[in-house]
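Here is a short, friendly tour of one protein model, told strand by strand and helix by helix. Take a look at the sequence and the structure first, and then read on.

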Amino acid sequence: MAATKPLTLAIDIGGSHVKASVLDAAGRMVAPEQHLPTPSDSTPKAVLGVIAALAERLPAFDRVSAGFPGYVIVDKGVIKTAPNLGTPAWHGCALAAALSEQLKKPARVLNDADVQGLGVIAGKGLELVLTLGTGIGSSLFKDGRLLPHLELGQHPIRKRKTYDAYIGDAALKRKGPVRWNQRLRRVIAIVEVLVNYDLLHLGGGNARLIDFPLPENVKRADNVGGITGGVKLWDPALDDLFPPTTRKT
């Protein structure tokens, strides 16, 4: 099937890797996903350099979407926090404008868990998305509509530990998969009471390590949603979230 325009360069910025592909108007990949390690010195300049290298490997595109692991002031395209990349370096970074200038195309930026959610949700009822990776990302949707940003990763869950510290990648490596799965069970029980979701989606690279039966209202999400959800950033229904300068593509 021929790719339909506009074509979107979809970027998933993670704590360990930066991934990208080009999607057609229906959200289908028109080229294999490309990825490179996230720089150890994860400054905006360094990460933008990785994105430029990935874009060179991919076909031409008309617009750009990026999922970022932190709090994004969406209507300005500006980063407020980047707990797994180094908050001081990213605070106040106008990432959408920087991507647009570097790639010469309009760009939109959203929290990475929000992007993955857009790629995996059913669009009915209250749906929570948790991404299990370097840190813990979260997003919340009501009947398919993205709700104001939920940053569970930085919220305390046990004593002084945040969700990031409790079930993030560092905890997995320190405690091992058995203890990590025990902790994840507790997290699922807690967030069900906290959010009263109809459906919970578990994504991110570490979701593959889940070794216990999930409740009926909990599903493992396809990790490719962090890329394929990028096309949804350009849905006209989300226009009000983004700067007016990005609304014509």
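Which residue in β3 does V18 stand opposite? The partner of V18 is L36.

## About the model

This is a predicted model, in which local features need pLDDT of at least 70 and side-chain atom pairs count only at pLDDT 80 or more, while totals for chains, interfaces and linings use all residues. Residues are numbered from 1 along each chain as its sequence is written, and side-chain values use heavy atoms, with hydrogens and water left out.

Helices (H or I, at least four residues) and strands (E, at least two) are DSSP runs, numbered from the N terminus.

## The five-stranded sheet

Five strands make up an open sheet of mixed pairing, in the order β3-β2-β1-β4-β7. Two strands pair if DSSP finds at least two bridges between them. At the edges sit β3 (34-37) and β7 (107-111), each pairing on one side only. From one strand to the next, the twist averages 15 degrees.

Let us walk through some of the pairs. β2 and β3 run antiparallel and share four bridges. Strand β1 (residues 8-13) pairs with strand β4 (residues 63-68) in the parallel sense over five bridges; here I11 stands opposite A66, and D12 has G67 as its bridge partner. The pairing of β4 with β7 is parallel too, over five bridges, and V64 has A107 as its bridge partner there.

## Buried and open faces

How much of β4 is buried? Six of its six residues are, so β4 is largely enclosed by the rest of the structure. Buried means under 20% relative accessible area, exposed means over 50%, and partly exposed is in between (1.4 Å probe, protein chains only). Both faces of β4 are covered, with R63, S65 and G67 buried on one side and V64, A66 and F68 buried on the other.

In a regular strand the side chains alternate between the two faces of the sheet. Along β3, Q34 and L36 point to one face and are buried, whereas H35 and P37 point to the other and are not.

## Two helices against the sheet

Two packed helices are described by the angle between their axes and the distance between the axes. For helix α1 (residues 44-56) and helix α3 (residues 95-103), the angle is about 40 degrees and the axes are 11 Å apart. Axes are lines fitted to C-alpha atoms, for helices over the stretch in contact, and angles run from 0 to 180 degrees between N-to-C directions. The two helices are therefore oblique to each other, since angles under 35 degrees count as roughly parallel, over 145 as roughly antiparallel, 65 to 115 as roughly perpendicular and the rest as oblique.

At the contact (heavy atoms within 4.5 Å), L48, I51, A52 and A55 of α1 meet L95, A98, L99, Q102 and L103 of α3. A52, at 22% relative accessibility, counts as partly exposed. As for the sheet, α1 lies across β1, β2 (17-23) and β3, at about 150 degrees to β3, while α3 lies across β1, β4 and β7, at about 145 degrees to β7.

## A glycine in a loop

Further along the chain, G133 lies in the loop between β8 (126-132) and β9 (136-142). Leaving aside its neighbours within four places in sequence, G133 is in contact with G168, D169 and N206. Its C-alpha atom is separated by 24 Å from that of G144, eleven residues apart along the chain.
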